[in-house]
Amino acid sequence: MEKILDIRDLHVSFKTFGGEVQAVRGVNLELYRGETLAIVGESGCGKSVTANSIMRLIPTPPGEIKDGSILFKGQDMTQLSDKEVRKIRGVDISMIFQDPMTALNPTLTVGDQLTEGLRQHRSISRKEADKQAMEMLTLVGIPNPVERMKQYPHEFSGGMRQRIVIAMALICDPELLIADEPTTALDVTIQAQILQLFQKIQKQTGVSIILITHDLGVVAKIADRIAVMYAGKVIETGTRKEIFYTPQHPYTRGLLHSVPRLDQKGEKLIPIDGTPPDLFSPPEGCPFAARCPMAMEVCTKVYPFHSKLSRTHDVDCWLQDERAKKYMASTY
Amino acid sequence: MAKYILKRFIYMIVTVFIIATLTFFLMNLLPGSPFNEERTTNEAVQRNLEAHYHLDEPLVVQYVLYLKSIVTLDFGPSIKQPTETVNSLLGRGFPISAELGIWTILIALISGVALGVFAALKHNGVIDYIAMTIAVLGISIPNFVLATLLIQQLAVNLGVLPAATWSSPQHMVLPIVALATGPMAIIARLTRSSMLETLTQDYIKMARAKGLSPAKIIVKHALKNALMPVVTILGTLLAGVLTGTFVIEKIFAIPGMGKYFVEGINQRDYPVIMGTTVFYSAFLVLMLFLVDIAYGILDPRIKLHKEGGK
Ligand SMILES: Nc1ncnc2c1ncn2[C@@H]1O[C@H](COP(=O)(O)OP(=O)(O)OP(=O)(O)O)[C@@H](O)[C@H]1O
Ligand code: SF4
Ligand SMILES: [Mg+2]
């Protein structure tokens, strides 16, 4: 399978009055054509910063990509000029944001906002752009596109608006779609519909999707692979099966425990105790050590090695070390 | 739309009526009358004059006559300048005052918005600090102080611009600058903060994610939204400029409406006071109405086009 995106050792920091926030600290991620990768993790772990970096949407200042590379189809996004990046934005890579209520400009018609990307990047007539926009509205499930094009965002419900945002993102037929919590602001029934829409679109267009969420229920439905982030690092990646059935990192296990499950009556949501570390001066060792029930002495001192458990399953945890395994085996 | 406009129009009429009524009774509370300082007029002449201007009638009758004059748009003759009617004074003064006012608003708007946008784009940079320093000064210096300073420096000391009257474009520079600086500063500050706020909105990020150029994002996506608060305060600013014209016209000896208004009050020239006040308030209310409509056009969430409206 073709690797469409390859993020290597990405570091992103923000300069603030309190000091430098190291929001992303050496993220490695890859994405293959046509797959859906979910990025999960607690609030503040750097999911959005990672996603925004791909499109170079980090506000600079205060933010800065300090180190690393983001190879999109072989070219390094971090090295491109602003102008070159603009040719990729909205055309090859598109983005969908969390809150559909604020992602649309209230003073411009939906039609205008849908077609402006097309007209910017492709030299086509207004009529042709309108036609394509209406087809796109139909694809995302908005009836009466002719009238809807002339309406303003406030004339649509939240779910409808998210459909419009999706249509906007897809209009130039991108190869990569990044959706940053696209369903968080919607109510549950609408969430399911939007997820179905993603699946339908992926089937039709073959677009690769990065889906950011902290809702594991969403992940279970549509992700092919999952990357778990913690304190600015990806601490475990694997296929959906690997992560859900054989999670290795104690943090991943904790996350899975904190999902309310419908099939087990009465089981309560168990959040992981404690809070993530301060990203102004992140700990030297494993960032999860302070909260980890399995933490060993080495964990607080040295960041764990990267272990490959299968072709697809990677984890950063000292428990994978032979010595730890032996010790465990001898004590239990 | 039509229904909304009609509704607003009725409000306008009611507002002007209330202002007119208040003016009438307040004016009658003013001590003195048009004739009492002229000791030379004898009793008979004075009574004659009062009868001529219906000043001997009961207040209610005068009030009705006054309302009639408003409805017929004929405010009658001036008492103090018997050769003039109030309408002829207004006809002469209004174009001059309007010229001063329109230039002031235009210049305040254009330079204020430009300054605010630049300051926001160069947020915390040198341009920002300079622009905001100008703005703070502009807001804190009253227009009559600025007017005297300008006359002193540019007209008297340097002699580059004429100090008074309204006879050529050069004559218009100082009064307009004096009157426009305050509103410009207010607009600049408001535009800056509103622009900064707008630039953090998700739809701006979305526009960037679409690959639009920075210029397009600012002009098409940010400016319209950022100007919304500016449009809302435009009514208040207009009122300020309007009252400002009284002072500025006086300082620069400009023969506008303000001059007749102030003279009218000083001389208890009742028809002039009433005529100019009604005219001013009708004008202001009309402007506020236009601002409202402009706001509705800018912001589609205000449903002018639908039945009822806000
Ligand atoms: N513009 C910014 N200025 C300063 N710090 C920032 C900025 N944007 C993000 N950060 C910091 O970067 C860290 C990661 O933020 P990010 O938005 O990526 O979290 P997230 O994983 O997307 O969380 P959430 O689930 O809440 O969206 C946070 O600690 C945040 O405070
Ligand atoms: S490295 Fe140590 S502290 Fe970190 S998750 Fe593994 S066991 Fe826990
Ligand atoms: Mg986020």
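Helix axes are here lines fitted to C-alpha atoms over the stretch in contact, and the angle between two of them runs from 0 to 180 degrees between N-to-C directions. The structure to which this is applied is a predicted model.

In chain B, the definition serves to describe how helix 4, residues 86-121, meets helix 7, residues 169-199. The axes of these two helices come within 6 Å and cross at roughly 35°. The crossing in which helix 4 of chain B passes helix 7 of chain B is right-handed. Sorted by class, the contact of helix 4 with helix 7 of chain B comprises 23 nonpolar, 5 polar and 2 charged residues.

Chain A may be approached through ligand 1. There are 15 residues around ligand 1, and those that come nearest are Ser43(A), Gly44(A), Lys47(A), Ser48(A) and Val49(A). By class, this shell divides into 6 nonpolar, 6 polar and 3 charged residues. Two elements of chain A, strand 1 (3-16) and helix 1 (47-54), each supply at least two residues of the shell. Helix 1 of chain A gives the most, with 3 residues.

Individual atom pairs add detail to this picture. An N or O atom in the side chain of Ser43(A) is 2.4 Å from an oxygen atom of ligand 1. For Val49(A), the atom concerned belongs to the backbone: an N or O atom there lies 2.9 Å from an oxygen atom of the ligand. Glu181(A) contributes a polar side-chain atom, 3.2 Å from an oxygen atom of ligand 1. On its own, ligand 1 has 630 Å² of accessible area, of which the protein covers 68%.

Methods: Residues are numbered from 1 along each chain as its sequence is written. Chains are lettered from A and ligands numbered from 1 in the order in which they are written. This is a predicted model: local features need pLDDT of at least 70, side-chain atom pairs count only at pLDDT 80 or more; totals for chains, interfaces and linings use all residues. Side-chain values use heavy atoms; hydrogens and water are left out. A residue is near a molecule or strand if one of its heavy atoms lies within 4 Å of it. A polar contact is a pair of N or O atoms within 3.5 Å; within protein, one must be able to donate a hydrogen and the other to accept it, and residues adjacent in sequence count only if both atoms are side-chain atoms. Accessible areas come from the Shrake-Rupley method with a 1.4 Å probe; for residues, only the protein chains shown count as cover. Helices (H or I, at least four residues) and strands (E, at least two) are DSSP runs, numbered from the N terminus. Ala, Val, Leu, Ile, Met, Phe, Trp, Tyr, Cys and Pro count as nonpolar, Asp, Glu, Lys and Arg as charged, and the others, Gly among them, as polar. A crossing is left-handed if the near helix is turned anticlockwise from the far one by less than a right angle, and right-handed if clockwise.
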